[in-house]
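Visitor: I have a model open on my screen and would like to understand the labels people put on it. Could you walk me through the reasoning behind them?

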Amino acid sequence: FRTIVGELRLPHWPPCPPWSSIMAGLRNVYVAFVFIALGGLLFGFIIGINGNVVTSGQLLCPDHYTGEVGTLTSYGYRQCYRLDDLQKGTISSLNLIGACLSSLFCFRFADNLGRKLEVQIASILYFSGALIAVVAPTMWAISAGLLVYGLGIGFAMHAAPVYIAEISPAEVRGTLVSAKEAVVVLGIFLGFFFGWLFQDIDQVGWRYMLSVSAAFALMQGVGIMFIPQSPRFLVLKAVRSSPLLAEGSQVAGAAKESLQFFRRAEAAEVEQELRIMWQEIAESIGTATVAAKWTDAFKYPKQLFIGCGLVFLQQVTGQPSVLYFATNIFKSAGFGSAAALSSVLVGLVKLVATLFTVFRVDRYGRRLLLFVGISMMAVALALIGTAFVFRICMKPDTSIQDCAASDVSLPRGWAVATVVGLMVYVSGYQVGFGPISWLMISEVFPLKVRGAALSLAAIVNFGSNIIMTLLQEVLQNALTPAGVFFGYLVLSFVSLVFVKFVVPETKGKTLEEIERMLAGNRPRGNSAGGARAPAVVAIGSE
């Protein structure tokens, strides 16, 4: 036994520096992360409050309401509306439609804007959209506000994963990019919480909910003013402007200052990291001295298939749609007035599951967490779908199809099973699809097309999300809730196959190493070596 054990030698790892010293050295990275990721919190917040905005007693008139019903142009601050299923889906999707439109803009112009400016634009749009909707006295103006808010989502969700990945060292990049998803989930939890808090203020409670998001947007806009541009983005600009890092180069100097800020180090201490960054970026873009065209993203079909495939499956397995209608789903399960509070619990469970992934992604790897998370979703979907087969109407002589939401119930055992299944479902999503999809997107695309490629993935993400949200109510009526959940179950099995055969493992690799790993489909015209920086250069000498 001793002989066998003696042959199994573990690799010798150098001693880790104290955690306090790691935290101190990356303090500015964490500060920047907070203000960048606030855009994700605001995205999650609108998801969380949606079920408490487009619901009976708020924008929608109660089932037995006999007063005046609002129209698209009628004026008043305490109006309620009667909307059909498609109209409900449209109102719920307005922020996603806005996000899709701004993602199209980012697809073409993101690499000209830079990551910081994108975040600043996002904060302005978030604040303006929330404020317009809060003070709007008509349905068309409310809709306009939600659409403007959605434009902010597109800019924020495009910039956040790339910005965070580019300022983070490789050893914490997975944790921080995944933590962005944790902030989205925190936003969902806060949305559920404030939705529950203001739900009893009839017809205007939703205005209080949206006013909270305006405060967060203001906080982001002020904070990001003090955060520098991504050093990798600045190096990319410098490489394109000159084959050598000339002494006194303004852009190269800004890149060094940015890296000094994020590493909290002196100029000499960041020299080596910046030189390596320069060499790898120069190799990545080859001889190109101008910004890549937005069409160049299509020259990397393998990376696009990985990124777009993940975000598409992330949406069509149903979890985002479930969150938009979480409160109404709990009502359908028979929880009635307690549905909003139950949704708060869902948000809390999602947050805990996301934090688990954040602190384990760089240990367990991306693929394993995707397998575990999607498998949890599949088990939960089977349970929820079965439970919803047994829904009953508490009103005598009324079929389940004609039953009001407040009268729908489940036998006690199946009601508990639905809640447990929903908790496992959202936990599985947050272990796998939720944080890992956006992490993979921020990693697999080459730097020179990262902005355009991530925009394309975001368009697929928001586009499929819009379709799922628009069709959620329609599908539930056509297939029954049970049929919808069984449909998601089938798509979960498809997702497992996709991860098995398509998704690579990127744990522990720098962004440039990942690019080389996936370079089997390097566009023709780029040499393997590309343009290299000289061995000794003066990087932004002052």
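Guide: Gladly! Let us begin with a term: a polar contact is a pair of N or O atoms within 3.5 Å, where one must be able to donate a hydrogen and the other to accept it. Please keep in mind that this is a predicted model.

Visitor: What makes the pair of Asp 84 and Gln 87 at the start of H4 a polar contact?

Guide: A side-chain oxygen of Asp 84 comes to within 2.7 Å of the backbone nitrogen of Gln 87. The limit is 3.5 Å, so this oxygen and nitrogen pair qualifies.

Visitor: How do you know what span to expect of H4?

Guide: Helix H4 covers residues 85–113, which is 29 residues. The expected span is 1.5 Å times one less than the number of residues, so 42 Å is expected for H4. From its first C-alpha to its last, H4 reaches 39 Å, which is close to that value.

Visitor: Where is the kink in H4 centred, and what comes just after the helix?

Guide: The kink is about 60° and is centred on Phe 107. Just after H4 sits Gly 114, with a positive phi of about 90°.

Visitor: Why is the link between Cys 61 and Cys 80 called a disulfide?

Guide: Their sulfur atoms are 2.1 Å apart. The cut-off is 2.5 Å, so the pair counts as a disulfide. Both cysteines lie in the loop between H3 and H4, 19 residues apart. The link is right-handed, with 95° about the S-S bond, and Cys 61 and Cys 80 are both buried. Searching the whole structure gives 1 disulfide.

Visitor: Why is Cys 106 called buried, and why Cys 308?

Guide: Buried means under 20% relative accessible area. Cys 106 has 0% relative accessibility, so Cys 106 is buried. Cys 308 has a relative accessible area of 14%, so Cys 308 is buried too.

Visitor: And why does Leu 236 count as buried?

Guide: By the same cut-off: Leu 236 has 2% relative accessibility, under 20%, and therefore counts as buried. Leu 236 belongs to helix H9, residues 231–241. Its C-alpha is 7.9 Å from that of Trp 278, although the two residues are 42 apart in sequence.

Visitor: How many of the protein's residues are buried, as a percentage?

Guide: Buried residues make up 58% of the 542 residues. The protein has 21 helices and 2 strands, and about 22200 Å² of it is exposed, 66% of that supplied by carbon and sulfur atoms.

Technical notes:
Residues are numbered from 1 along each chain as its sequence is written. This is a predicted model: local features need pLDDT of at least 70, side-chain atom pairs count only at pLDDT 80 or more; totals for chains, interfaces and linings use all residues. Side-chain values use heavy atoms; hydrogens and water are left out. Helices (H or I, at least four residues) and strands (E, at least two) are DSSP runs, numbered from the N terminus. The bend at a residue is the angle between axes fitted to the seven residues ending there and the seven starting there. Buried means under 20% relative accessible area, exposed over 50%, partly exposed in between (1.4 Å probe, protein chains only). Accessible areas come from the Shrake-Rupley method with a 1.4 Å probe; for residues, only the protein chains shown count as cover.
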